Amino acid sequence: MMRTTWLPNKIIITTLFILTSTLLLSKKTIAASEWETQSQPPGLTLHLKSQQTPVPLNQMHQWEIEVISSQGTPVENADITVTGGMPEHDHGLATAPRVSGQPGEGKYLLEGLRFHMPGEWKLDFVIMIDNKRYQVEHSFSL
Amino acid sequence: MRSRTKIIITLSLTLALAWAGWQYAPIPASTTWEDSDIALLQSMSLDALPPLPSSPGNAVADDPAAAQLGHQIFFDQRLSSTGTVSCATCHQPDNYFNDQLALAVGVSQATRNTMGLLGAAYSPWYFWDGRKDSLWSQALAPIENPLEHDSSRSQVAHLVSSTTEYRQQYQALFGNLPDLSNRERFPVDATPLGTNSQQQAWQSMTGSDQRLVNDIFANVGKVLAAYQRKLQPGESPFDSFVAQLASGEPATALNSTEQAGLKLFLDKAQCINCHNGPLFTNNAFHNTGVLPPIGELPSPGRSEGLRQAQSDPFNCLGPFSDANPGQCSELRFARGGDELIGAQRTASLRNLAHTAPYMHAGQLDTLAEVIEHYDQAEDAIFGHNEAKPLGLRAIERRQLQAFLESLNGEIAVDGKWLNPP
């Protein structure tokens, strides 16, 4: 009896450990307003940086998105769209941010961000490269 | 049987007493404030209010001569069809630029609660539904609203042109006024938004003459905005309390009940989510399940307001704006859609005791009713209520109200701006 319950438990715990480790490793906070995160499916690293530190409340501002391939090279000409919101309050972003420029070296300027409430925010990035779709979910606290 | 009755009575009394105690007995309120709390409170103090934001669409926003002309026009009742209504009819200086009415009354009763003007220049959006994106553009709408001033842009242009002192001041600011004396070319009462006869009169004008009148009308909005940028809220007991906390002095400007209310404001009651910053507003749009006035359809709110702002010729990107498109980020990156159905703009909580009744159509008479509304957070009948029930005890509702009443202060402006010139 013990063995039959122990085996599934071990599988569940191991799976949870792997999932948690993957999640923890997939996101790195570099500074209060700068993060590095991995795409799903894997293949891209996104370096996200607010141009104001800390991320301001109630102020229109910009972020820089840097897209790096698994080979470590900057990715140009990606088509990036951003949505998001506050899951706790069941509402979306106050604004409709858009990528408005590509200064080069895999960098993209994201304009039109304004976070109007303190709390947990989620940004969903969709990155299209040569018809291949990557996703990045980025959560942070304000 | 008798003993059973006794038990029931005793139990009922005990339960009633326990409930009353739970609801009304004050918990010894903590008056200890952590450093992180003090930092948050400092972000809500008037000391943290940044300099006035620039108004790129309005080249005369900070021109003293424009403020002077705007001051005169603000109080001028000739800007109405009846000669009895000015901006100051609803935005009364003696009432914190409010009117103490549920619904504004111009030439007749309007459909919205008057919004205060103190600190209004800090908002990127105007009206309850955000259908205007600047203070100067907002100032134009009541003038042509048939329930408010019931005037028209051509009447405004003729008034400026024919009043010697307005004409002189206007020309010093904006250059020569066109000659409007030909009433065939420039009808006395014409607007594209008014009655059939006003619209026909407008359509009879050439495009270039319409442009001349629109320019004058927009410039009147710009001088009114230059005046309104002077209207700022003054310090309240809350601001003195924050200054005391920050300097380490005994923090006595708020009593223990008000401090308990402040703690609720930041935490359990979640008011800080939307009423944040030195003006206690995020100037954003939220559906909080406020019922429409009896017999009226629910307001579409921001979902419709943004559509109007985007198609408004007097917006930041329009031909009458002095801004370049890069300076219109609020309008360019505004987000609309069905999620904003029924969403209204967060109002400032400063001088709250002077601005009753509350909500976009003055549906709630007292602060106690407002607190009850957010405490219950019932489902919205139109759209989705973002607020969640708070579970406040009766004593907590009173504490919260006591704190909200500590946000009253003087108007921080030279007295000359508060009276007709």
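In this dialogue a colleague asks how to read several features of a predicted model, and a modeller answers from the structure above.

Colleague: Before looking at any feature, what are the mean pLDDT of chain B and the scores of the model?

Modeller: The structure is a predicted model, and for chain B the mean pLDDT is 94, with 97% of its residues reaching 70 or more. The model as a whole scores ipTM 0.83 and pTM 0.90.

Colleague: How should I begin to describe chain B, and how many helices and strands does its secondary structure come to?

Modeller: Start with the secondary structure, which in chain B comes to 16 helices and two strands, and then add the extent of the C-alpha trace, about 95 × 55 × 40 Å along its principal axes. Burial comes next, and of the 421 residues of chain B, 46% count as buried. You can also ask how far apart in sequence the contacting residues are: among contacts in chain B with a separation of 6 or more, 72% are between residues 24 or more positions apart.

Colleague: Which domains does the domain assignment of chain B give, and how many residues of each are in contact with the other?

Modeller: A domain may be written as several stretches of sequence, and here domain 1 of chain B takes 27–52, 235–301 and 341–417, while domain 2 is the stretch 64–228. Their centres, taken over C-alpha atoms, are separated by 32 Å. Where the two domains touch, 22 residues of domain 1 of chain B meet 23 residues of domain 2 of chain B, and the domain 1 side divides into ten nonpolar, ten polar and two charged residues.

Colleague: Which residues have the most contacts inside the largest nonpolar core?

Modeller: The general idea is that nonpolar side chains tend to be buried together in soluble globular proteins. In this structure the largest nonpolar core has 41 residues, and those with the most contacts inside it are B:V156, B:F217, B:V220, B:V223, B:L224 and B:A226. Helices α3, α5, α7 and α10 of chain B each supply at least two residues of this core, and α10(B) gives the most, with ten residues. Follow B:L224 as an example: leaving out residues up to four places away in sequence, B:L224 touches B:G70, B:I73, B:F74, B:C87, B:W136 and B:A139. Another core, of 35 residues, lies apart from this one, and includes B:F241, B:L245, B:F280 and B:F403.

Colleague: How do I read a single residue, for instance B:L306: is B:L306 buried or exposed?

Modeller: You count the other C-beta atoms around the residue, and B:L306 is buried because 23 of them lie within 10 Å, where 20 or more are needed. B:L306 lies in helix α13 of chain B, residues 302–310, and, beyond its neighbours within four places in sequence, B:L306 is in contact with B:G130, B:A334 and B:G336. By contrast with those contacts, the C-alpha atoms of B:L306 and B:I216 are separated by 25 Å, and the two residues are 90 apart along the chain.

Colleague: Turning to chain A, in what order do the four strands of the open sheet stand, and which strands are at its edges?

Modeller: To read a sheet, follow each strand to its partners: the order here is β6-β5-β9-β10 in chain A, with antiparallel pairing. Strands β6 and β10 of chain A are at the edges because each has a single partner strand, so one side of each has no neighbour in the sheet. Inside the order, β5 and β9 of chain A are joined by seven bridges, with A:I80 having A:I127 as its bridge partner in β9(A).

Colleague: Which strands pair with β8 of chain A?

Modeller: Strand β8(A) pairs antiparallel with β4(A) over five bridges and antiparallel with β7(A) over four bridges. A:L109 in β8(A) shows both pairings, being the bridge partner of A:E64 and also of A:G101. A hairpin is formed by β7(A) and β8(A), with two residues between them, and A:E105 in the turn has a positive phi of about 55°. Strand β4(A) is also joined to β3(A), by seven antiparallel bridges, and there A:S50 stands opposite A:W63.

Colleague: Finally, how many residues does each chain give to the contact between chain A and chain B?

Modeller: The contact takes 19 residues from chain A and 17 from chain B, and the chain B side divides into five nonpolar, seven polar and five charged residues.

Terms used:
Residues are numbered from 1 along each chain as its sequence is written. Chains are lettered from A and ligands numbered from 1 in the order in which they are written. This is a predicted model: local features need pLDDT of at least 70, side-chain atom pairs count only at pLDDT 80 or more; totals for chains, interfaces and linings use all residues. Two residues are in contact if their C-beta atoms, placed from the backbone, lie within 7 Å. Ala, Val, Leu, Ile, Met, Phe, Trp, Tyr, Cys and Pro count as nonpolar, Asp, Glu, Lys and Arg as charged, and the others, Gly among them, as polar. A residue is buried if 20 or more other C-beta atoms lie within 10 Å of its own, exposed if 12 or fewer, and partly exposed in between; C-beta atoms are placed from the backbone. Domain bounds come from an automatic or database domain assignment. Two strands pair if DSSP finds at least two bridges between them. pLDDT is the predictor's confidence in each residue, from 0 to 100. A nonpolar core is a set of buried Ala, Val, Leu, Ile, Met, Phe, Trp, Tyr and Cys residues joined through C-beta atoms within 7 Å.
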